[in-house]
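Me: I would like to go through this model with you, one short question at a time. Please reason briefly and finish each reply on what I asked for.

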Amino acid sequence: MIPFNSPPVVGSEIDFIRTAMGSGKLCGDGDFTKRCQLWLEQRFGCPKALLTPSCTASLEMAAILLDIRPGDEIIMPSYTFVSTANAFVLRGATIVFVDIRPDTMNMDETLIEAAITDKTRAIVPVHYAGIACEMDVIMALAARYGLAVIEDAAQGVMSSYQGKPLGTLGHIGCFSFHETKNYTAGGEGGATMINDAGLIDRAEIVREKGTNRSQFFRGQTDKYTWRDIGSSYLMADLQAAYLWGQLDAADIINRRRLALWNGYRDALLPLAREGRIELPTVPENCRQNAHMFYIKLRDIADRSAFIDHMKAADILTVFHYIPLHDSPAGLRFGRFNGEDRHTTRESRRLVRLPLFYNLSDEHQSLVISAINRYFA
């Protein structure tokens with residue numbers, strides 16, 4: 001079976017893990033954590049990057065940092081992972097879902113303003129498949145209405161918009177280093193990108209269980225105490241060691257994934273021109289990271305038949321999110337603003353193809369051949 005995903009392995013991770021094990025410090029904020037955070041700050045031009053156990057933890061940190069409270073409203077797409085909404089629901093907020101664009105599967109920026117009320121506190125754009133939302137429009141709206149912007153850039157590491165790295169355009173950006181992402185911290189992991197310098201000091205406190213422990217270890221205070229609400233949002237240094245192996249080879253991983261992505265596009269373009277499938281759209285102002293290659297079929301029945309066909313060929317292809325607004329929790333904690341023209345329909349057509357760093361050219365050719373047989 002050709003899997004849908006396999007965690008990336010470049011070969012150096014085990015050596016860095018051994019180094020971490022011999023350091024005598026495996027908890028958070030060790031040497032490898034500092035290396036990774038500095039890499040993220042320098043590579044992406046971010047004032048402060050903080051490694052976390054997951055992107056979920058990063059989103060929860062963001063909700064705390066922005067003092068989200070019961071009654072506040074947060075605008076986001078329904079076509080996203082549950083953590084995007086859950087992080088704010090945990091603070092008592094109401095989620096306001098808006099429809100997506102069928103070309104990029106991102107939140108439709110033209111529908112955001114109509115969803116803003118006097119209770120709105122933040123906008124959460126989700127960069128689906130590493131393709132940027134229209135951040136200029138979103139940031140202009142946020143400035144006009146005094147709102148915060150938290151980028152869910154879980155899939156966006158190494159992607160950019162107008163030449164600016166995803167995760168650094170909003171006030172806060174949230175990365176994922178889960179095993180399904182382009183770069184992993186050994187299975188789970190994330191990072192909070194603090195782009196508003198005024199939030200840095202409090203971000204360190206929130207991440208350290210509400211204490212000023214980070215400042216204490218830098219010698220900025222003679223003792224550390226409980227200062228604020230917070231939680232345990234540190235990544236273990238053993239995981240950071242694995243992540244360092246990945247970041248150290250980030251450009252190599254990125255080039256390989258892009259080669260695979262382009263291989264799918266070039267091979268499947270004839271089917272798209274015949275109107276048999278739709279391929280991903282990458283706007284001219286976006287530079288993508290080849291996080292995902294999906295195709296869209298006619299409808300959910302066509303997609304189910306395709307997945308069954310590929311499985312019979314020992315190839316795992318998978319659909320993606322079930323829209324949150326129709327879920328039991330979505331109905332309880334949120335509402336859909338406007339008309340659901342595209343979210344549900346497009347979610348039922350989309351299927352993802354195997355794409356990961358260690359996928360061989362031979363296996364990709366088998367995937368492409370199986371797709372062509374389905375349409376023969």
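Reply: One term comes up at once: a residue is buried under 20% relative accessible area, exposed over 50%, and partly exposed in between, using a 1.4 Å probe and protein chains only. Helices (H or I, at least four residues) and strands (E, at least two) are DSSP runs, numbered from the N terminus. This is a predicted model, where local features need pLDDT of at least 70, side-chain atom pairs count only at pLDDT 80 or more, and totals for chains, interfaces and linings use all residues. Residues are numbered from 1 along each chain as its sequence is written, and side-chain values use heavy atoms, with hydrogens and water left out.

Me: Which residues of α10 are buried?
Reply: Helix α10 covers residues 250-273. An α-helix has 3.6 residues a turn, so residues three or four places apart point the same way. The buried residues in α10 are Ala250, Ile253, Asn254, Arg257, Leu260, Trp261, Tyr264, Leu268 and Leu271.

Me: How far apart are the end C-alpha atoms of α10?
Reply: The expected span of a helix is 1.5 Å times one less than its number of residues. Helix α10 has 24 residues, so it should span 34 Å. The model agrees, with the end C-alpha atoms apart by 34 Å.

Me: Where in α10 does a kink lie?
Reply: The bend at a residue is the angle between axes fitted to the seven residues ending there and the seven starting there. In α10 the kink is about 40°. It comes shortly before proline 270, at alanine 267.

Me: How many of the twelve residues of α9 are buried?
Reply: Helix α9 runs over residues 237-248, and its end C-alpha atoms are 16 Å apart, in agreement with the expected 16 Å. Its buried residues include Asp237, Tyr242, Trp244 and Gln246. The helix is largely enclosed by the rest of the structure, because the buried count is nine.

Me: Which two strands pair with β9?
Reply: Two strands pair if DSSP finds at least two bridges between them. β9 pairs with β1 in the antiparallel sense over five bridges. It also pairs in the antiparallel sense, again over five bridges, with β8 (residues 172-176). The names are β1 and β8.

Me: Which residues stand opposite glycine 190 in β9?
Reply: Strands of a sheet pair through backbone hydrogen bonds, either parallel or antiparallel. One residue opposite glycine 190 is threonine 52. Another is serine 176. The pair is threonine 52 and serine 176.

Me: Which residues of β9 point the other way from Gly190, Thr192 and Ile194?
Reply: Five of the five residues of β9 (residues 190-194) are buried, so the strand is largely enclosed by the rest of the structure. Gly190, Thr192 and Ile194 point one way. The other way point Ala191 and Met193.

Me: What is the order of the open sheet of three strands?
Reply: The pairing in this sheet is antiparallel. Its edge strands, β7 (164-165) and β10 (286-287), each pair on one side only. β6 (residues 160-161) pairs with β7 over two bridges, and tyrosine 161 has lysine 164 in β7 as its bridge partner. The order is β7-β6-β10.

Me: Which element gives the largest share of the lining of the largest pocket?
Reply: A pocket is found on a 1 Å grid over the protein atoms alone: an open set of points where a 1.4 Å probe fits, with protein on both sides within 12 Å along at least five of seven lines, and lining residues have an atom within 4 Å of a point. The largest pocket has a volume of about 510 Å³, where volume is the space filled by probe spheres set on the points, joined across faces, edges and corners. It is lined by 30 residues, with Phe81, Gln155, Thr180, Lys181 and Tyr321 nearest its centre. The largest share, three residues, comes from α3.

Me: Which residues lie nearest the centre of the second largest pocket?
Reply: This pocket holds about 350 Å³ of space. Its lining has 16 residues, and α2 gives the largest share, four residues. Nearest the centre lie Asp29, Lys34, Gln37, Ser214 and Arg218.

Me: What is the phi of aspartate 29 near?
Reply: Most residues other than glycine have a negative phi, and most peptide bonds are trans. Aspartate 29 sits in the loop between α1 (13-21) and α2, and is buried, with a relative accessible area of 17%. Its phi is positive, near 60°.
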